[in-house]
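Biologist: Show me the model, and let me test the labels you put on it. I want each value set against its cut-off.

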Amino acid sequence: MSDKNYLTTDYTLRSWFLTTDHKRIAILYFASLIFFFFIGGAAATAIRIELATPQADLVSSDVYNRLFTMHGIIMVWFFLIPSIPNTLGNFVVPLMIGARDLAFPRLNLMSWYIFMLGGCITLFAILAGGVDTGWTFYTPFSTLYSNSYVIVAAAGIFIAGFSSILTGLNFIVTIHRLRAPGLTWYRLPLFLWSLYATSVILVLATPVLAITLLLMATERFFGVGIFDPRIGGDPLLFQHLFWFYSHPAVYIMILPGMGVINELVSCFSRKQVFGYKFVAWCSLAIAAVGFLVWGHHMFVSGQSLIASLVFSFMSFIVAVPSAIKVFNWTATLHKGSIHFDAPMLYALAFIGLFTIGGLTGLFLACLAYDVHATDTYFVVAHFHYIMVGGMVTAYFGGLHYWWPKITGRLYSEYWARTAAVLIFFGFNLTFFPQFILGAEGMPRRYHVYPPEFQVWNVLSSGGAAILAVAYLMPLFYLGYSAFFGRRAPANPWNAPGLEWQTSSPPPEFNFASQPVVTRAPYQYNEHFQAEPQNA
């Protein structure tokens with residue numbers, strides 16, 4: 001095998017921006033997502049500074065509207081949804097199945113360009129004046145009253161949606177067609193099962209969002225009565241269409257995170273995942289049932305009681321496969337040889353934060369409590385525990401786990417563990433007080449509030465400051481590691497997955513010869529029981 005790897009094959013900009021290598025495209029996504037993460041994070045910082053006092057000391061109500069809209073749009077569509085599939089998934093899917101690349105390498109590169117085009121258009125909308133509708137674009141405000149850059153931002157999201165669809169199609173075909181000999185469905189790593197389920201949602205649900213945004217633009221431009229009741233439209237139709245996509249989008253974010261946690265819990269407890277088949281099929285069950293619960297966002301919209309009861313029941317049902325996964329991770333840890341390396345700390349944080357987010361989701365699935373909590377900070381805290389506490393924590397865990405494979409370098413375990421602990425502490429201090437604020441009735445999207453809510457807001461803003469520092473730390477020690485870190489061996493974690501059977505970083509076409517799979521995943525036999533080598 002040549003000494004050259006995918007990073008050293010060619011150094012020119014042309015070789016990067018015209019590459020069809022899935023690993024380089026993953027790096028392009030990684031850099032893009034860091035950029036969008038810090039834009040969304042800057043808006044969140046401004047929001048928390050404003051909310052540290054009860055009065056409007058920093059920004060006006062109009063600017064505040066544009067800040068939380070920018071935060072939501074950037075974070076949801078340009079970080080949370082693409083992060084794990086487009087970076088970690090792009091990098092490791094072919095490696096995990098023993099393939100040279102994804103099924104459609106050129107389509108993969110085109111997906112990144114489409115994603116960047118959508119992101120640039122959305123950024124233009126923000127820089128030109130922003131959007132004040134909230135990331136949900138509720139009508140008729142977005143079609144009739146708002147004078148902000150609604151259509152430009154929607155156009156950016158519309159275009160970025162094609163990138164999601166193409167990536168999902170690429171993953172589905174790749175997992176079906178390019179698996180190594182012997183790699184049957186029940187020998188697939190559970191991360192691939194979760195990405196497969198995610199891809200199905202991406203392909204089926206994203207077109208509905210595109211149609212919704214097109215209808216919104218049609219009404220705003222041409223005055224066609226689709227959502228505006230004054231001209232024959234129905235605003236609830238928008239909510240049905242929007243949430244039909246946007247609730248499954250939550251599972252687009254969290255399912256890949258669950259897949260990452262399977263890899264981490266198994267590796268750092270040196271055990272096979274308990275109930276492999278249950279965990280695998282639970283991913284598909286979550287994807288399927290996730291399409292049937294969008295109406296729980298509309299309990300106070302005026303929909304019929306029967307419809308609300310059905311959506312409430314289905315929302316409780318979708319918690320079952322999620323709970324099975326948590327129970328199975330716990331059972332995997334039981335009597336395991338647990339190593340508290342940084343990826344494992346992130347995995348344990350994920351289990352705790354996701355459990356809190358999931359249990360509080362049951363409160364919102366309950367009709368009686370949801371009426372009280374709708375549009376309060378209880379909802380904000382709940383979805384941040386799932387989408388940030390869960391998904392972002394899993395993303396960081398996966399990033400640390402595969403970092404030696406991606407860069408061929410080891411990072412500082414001391415700083416990585418410190419950052420993981422700070423993120424867990426800062427996150428809980430930021431968002432747990434918001435459960436109390438919501439239970440006491442503080443509405444979301446308000447920048448002025450009664451003084452009795454200040455103490456909880458100050459705690460939340462203080463936690464956000466810790467969280468911001470903790471999120472910045474990996475940028476420095478991983479950045480240092482990428483250039484000056486110790487050389488990583490091919491398999492620093494002593495893991496049995498195929499991605500660890502090639503060099504770090506991998507060569508251009510991944511494997512010198514196609515591997516053959518002869519055993520089930522996560523077989524931590526005597527050969528793989530040795531401790532990880534990154535301590």
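**Labels and their cut-offs**

Modeller: R230 counts as exposed, at 64% relative accessibility. This is a predicted model.

Biologist: What makes R230 exposed?

Modeller: Exposed means over 50% relative accessible area. R230 has 64%, so the label exposed applies.

Biologist: How do you know that R230 forms a salt bridge with D228?

Modeller: The closest N and O atoms of R230 and D228 are 3.7 Å apart. The cut-off is within 4 Å, so the pair counts as a salt bridge.

Biologist: Is D228 buried or exposed?

Modeller: D228 has a relative accessible area of 4%. Buried means under 20%, so D228 is buried.

Biologist: Why is the contact of R66 with D62 called a salt bridge?

Modeller: The closest N and O atoms of R66 and D62 are 3.1 Å apart. That is within 4 Å, so the term fits. Both residues sit in helix α3 (residues 61–80), 4 residues apart, which means about one helical turn separates them.

Biologist: What makes R66 buried, and what makes D62 partly exposed?

Modeller: R66 is at 19% relative accessibility, and buried means under 20%. D62 is at 33%, which lies between the 20% and 50% limits. So R66 counts as buried and D62 as partly exposed.

Biologist: Why does the pair R444 and D375 count as a salt bridge?

Modeller: Their side chains meet at 3.8 Å, N to O, and the limit is within 4 Å. R444 lies in the loop between α15 and α16 (454–484), and D375 in the loop between α13 (367–373) and α14 (377–407), so the pair ties together parts that are 69 residues apart in sequence. R444 is buried, at 16%. D375 is partly exposed, at 39%.

Biologist: How many salt bridges does the structure hold?

Modeller: The structure holds 7. D341, E413 and R417 are linked in a network of salt bridges.

Biologist: Why are α12 and α15 called roughly parallel?

Modeller: Helix α12 (residues 342–365) and helix α15 (residues 413–439) pack at an angle of about 10°, their axes 9 Å apart. Angles under 35 degrees count as roughly parallel. The two helices therefore earn that label. Their contacts include L345, Y346 and L353 in α12, and F424 and F427 in α15.

Biologist: What makes Y113 partly exposed?

Modeller: Y113, in helix α5 (residues 105–128), is at 37% relative accessibility. That lies between 20% and 50%, so Y113 is partly exposed. Y113 also joins L13, F17 and L18 in a nonpolar surface patch, with about 410 Å² of accessible area together.

How values were computed. Residues numbered from 1 in each chain as written. Predicted model: local features only at pLDDT ≥ 70, side-chain atom pairs only at ≥ 80, totals over all residues. Heavy atoms only, no water. Patch = residues over 30% accessible without salt bridge, like charges linked within 9 Å, V, L, I, M, F, W, Y side chains within 5 Å. Areas by Shrake-Rupley, 256 points an atom, 1.4 Å probe, with all protein chains shown as cover. Buried < 20%, exposed > 50% of the residue type's maximum accessible area, 1.4 Å probe, protein only. Axes fitted to C-alpha atoms, helices over the stretch in contact; angles between N-to-C directions. Parallel < 35°, antiparallel > 145°, perpendicular 65-115°, else oblique. Contact = heavy atoms within 4.5 Å.
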